[in-house]
Amino acid sequence: MSEYILEMRNITKIFPGVKALDNVNFRVKRGEIHALCGENGAGKSTLMKILSGVYPYGTYEGDIVIDGKIMPFRNIKDSERAGISIIYQELALVKNMTVGENIFLGEEPVKNGIIDWMKVYSDTRAVLKELGIDVDPYAKVMNLGIGHQQMVEIAKAISKKAKILILDEPTSALTESEVDQLFNILQDLKKKGVTCIFISHKLNEVFRIADSITVLRDGKTIHTGYVKNLTKDKVISLMVGRELTDRFPRVERCPGEVVLEVRNLTVYDAEMPWKKIVDNVSFSARKGELLGFAGLMGAGRTEMALAIFGAYPGRVTGEIYLSGRKLNIKSPEDAIKNGIAYVSEDRKRYGLIPVLDVQENIVLPNLGRISRWSVINNNEKIKYAQEYVKELRIKTPGLTQKVLNLSGGNQQKVVLAKWLMSDPKVLILDEPTRGIDVGAKYEIYNIMNELVQKGVCVIMISSELPEILGMSDRIMVLHEGKISGEFYYQDADQEKIMYCATGGRYS
């Protein structure tokens with residue numbers, strides 16, 4: 001028996017005008033956790049869609065070999081029957097169904113021609129127990145947190161006797177404790193002989209969990225090796241094709257006068273109106289300053305940003321001043337008119353209309369600038385879109401390319417472009433580099449630097465402490481809705497920030 005449970009040999013996949021994969025070779029050993037790394041657009045997703053049967057045999061060149069046998073998958077079911085299961089970043093669960101119903105959906109045990117619900121739930125309980133997952137089989141998925149939903153997806157895969165488990169950016173929305181639980185489950189599965197392909201941009205997690213790494217770049221296999229023989233810097237250079245000597249291109253700045261002042265901001269839970277999510281927060285931000293907000297998930301950072309932008313659905317009290325003038329912000333339209341812009345942490349749901357093209361997404365919040373008598377001037381639309389595509393170096397075949405076909409990093413640049421067109425005085429960035437690769441992150445950081453140098457006040461919310469420390473001029477830390485620490489970057493380190501984020505206080 002071969003030591004390799006999976007071999008993908010000489011895989012080439014061509015879309016109209018684009019060679020997405022160019023003679024890729026990918027081999028995974030039996031019972032290992034193998035990380036697949038590369039920039040957005042490197043070909044990772046395309047390769048996994050071929051492996052999981054989304055792109056059927058005949059639409060690509062090359063062979064998939066499982067346990068030494070060539071497998072021509074015609075569809076997803078063929079791949080599943082061969083023991084392959086994929087868990088996407090956007091979970092594919094039916095939210096209004098129970099845990100048990102989801103785990104056995106389409107594979108329900110039948111007795112006398114009728115679904116055997118007792119067996120559904122007893123088998124669900126058994127697989128959850130095997131994985132050490134403390135979830136009620138009868139609970140509706142909509143009532144579970146993202147972490148537990150991820151565990152249900154894994155349980156679903158294991159119930160199908162998966163030999164190869166593919167996880168695509170599995171930790172992007174998880175807390176630290178949920179990441180720990182996920183990694184414990186993966187290690188247990190590894191001991192039981194399950195092979196895992198782990199796709200992630202978070203190299204600290206890759207080096208923590210993976211045995212081996214394969215790097216793709218521009219649709220080609222660049223390197224495969226053991227984690228113990230590699231460094232993060234080496235993997236980054238393999239991914240981007242050049243040395244990134246400084247992952248965070250800090251620029252020394254001299255912030256000007258106060259632009260934004262927030263006084264006694266309190267945000268109440270939209271579903272439990274007596275509960276405070278943000279509690280009496282006050283801070284100021286200056287012209288030409290990058291102010292970072294750190295804190296654990298649930299600390300209230302996003303709710304604070306949504307309240308300032310007029311997009312929070314619950315009750316908000318407090319005062320917001322812009323250049324000394326008190327604002328009355330009741331909606332995002334009010335915020336935009338006053339020069340405040342907000343880039344959501346979930347660009348696909350709240351930042352973009354994926355089925356529209358690049359130029360339509362860029363001009364959408366700025367139609368007043370390119371319209372007269374409610375008629376859009378198409379020449380102006382094209383002019384502005386071209387200007388921002390060039391300025392932000394957005395990689396797209398053309399202005400009429402649908403945004404859903406762009407890489408994550410280029411989608412994020414389109415989001416930035418639409419807000420830059422509104423000439424904001426204050427730009428709030430919520431997790432601006434989530435789900436994008438190191439090369440695209442570096443470009444986003446440079447864009448942030450350029451904005452700050454032009455006098456824009458940039459507020460960045462990030463869960464990545466190296467990013468907060470590497471890019472911020474000043475850092476505020478939130479814990480349970482209150483400011484628990486404030487630092488200039490020269491005085492800050494990860495230990496101090498985590499101390500404040502977990503309830504300690506620095507005065």
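A salt bridge here is a side-chain nitrogen of Lys or Arg within 4 Å of a carboxyl oxygen of Asp or Glu. Keep that cut-off handy for the exercises; the model you're looking at is a predicted one.

**Exercise 1.** Work out which domains the chain is divided into, and how the record's annotation runs.

*Solution.* Start with the division: domain 1 covers 4-243, domain 2 is made of 255-339 + 427-506, and domain 3 spans 344-423. Next, look at the record: the unreviewed UniProt entry lists "domain: ABC transporter" for residues 6-243 and 260-505. Finally, take that second span, 260-505: its end C-alpha atoms sit 24 Å apart, and the span is 34% helix and 27% strand.

**Exercise 2.** Describe how domain 2 and domain 3 meet: how many residues does each give to the contact?

*Solution.* Begin with the centres, which are 24 Å apart when taken over C-alpha atoms. The contact then draws 19 residues from domain 2 and 13 residues from domain 3. Now for the area: about 1500 Å² is buried between domain 2 and domain 3, with 59% of it coming from carbon and sulfur atoms. On the domain 2 side, Ile 336, Glu 443 and Ile 447 lose the most area to domain 3, together making up 30% of what that side buries.

**Exercise 3.** Decide whether Glu 443 and Lys 413 form a salt bridge or fall outside the cut-off, then see what else lies at this interface.

*Solution.* The N to O distance for Glu 443 and Lys 413 is 2.2 Å. The cut-off is 4 Å, so this pair counts as a salt bridge. Across the interface of domain 2 and domain 3 there are 2 salt bridges, along with 3 residue pairs in polar contact. Then ask which elements of domain 2 give two or more residues to the side touching domain 3: they are helix 9 (301-309), strand 21 (426-430) and helix 15 (438-453). Helix 15 gives the most, with 6 residues. Sorted by type, that side of domain 2 has 10 nonpolar, 3 polar and 6 charged residues.

**Exercise 4.** Explain why the pair Asp 67 and Lys 163 ties together parts that are apart in sequence.

*Solution.* The total count is 27 salt bridges. In one of them, the side chains of Asp 67 and Lys 163 meet at 3.0 Å, N to O. Asp 67 lies in the loop between strand 4 (61-66) and strand 5 (69-70), while Lys 163 lies in the loop between helix 5 (146-159) and strand 9 (164-168), so the bridge links parts 96 residues apart in sequence.

Technical notes
Residues are numbered from 1 along each chain as its sequence is written. This is a predicted model: local features need pLDDT of at least 70, side-chain atom pairs count only at pLDDT 80 or more; totals for chains, interfaces and linings use all residues. Side-chain values use heavy atoms; hydrogens and water are left out. Domain bounds come from an automatic or database domain assignment. Contact means heavy atoms within 4.5 Å. Buried area is the accessible area (1.4 Å probe) that two parts lose on being put together, summed over both. A polar contact is a pair of N or O atoms within 3.5 Å; within protein, one must be able to donate a hydrogen and the other to accept it, and residues adjacent in sequence count only if both atoms are side-chain atoms. Helices (H or I, at least four residues) and strands (E, at least two) are DSSP runs, numbered from the N terminus. Ala, Val, Leu, Ile, Met, Phe, Trp, Tyr, Cys and Pro count as nonpolar, Asp, Glu, Lys and Arg as charged, and the others, Gly among them, as polar. UniProt positions are given in the numbering used here, feature names are shortened, and annotations may be inferred rather than shown by experiment.
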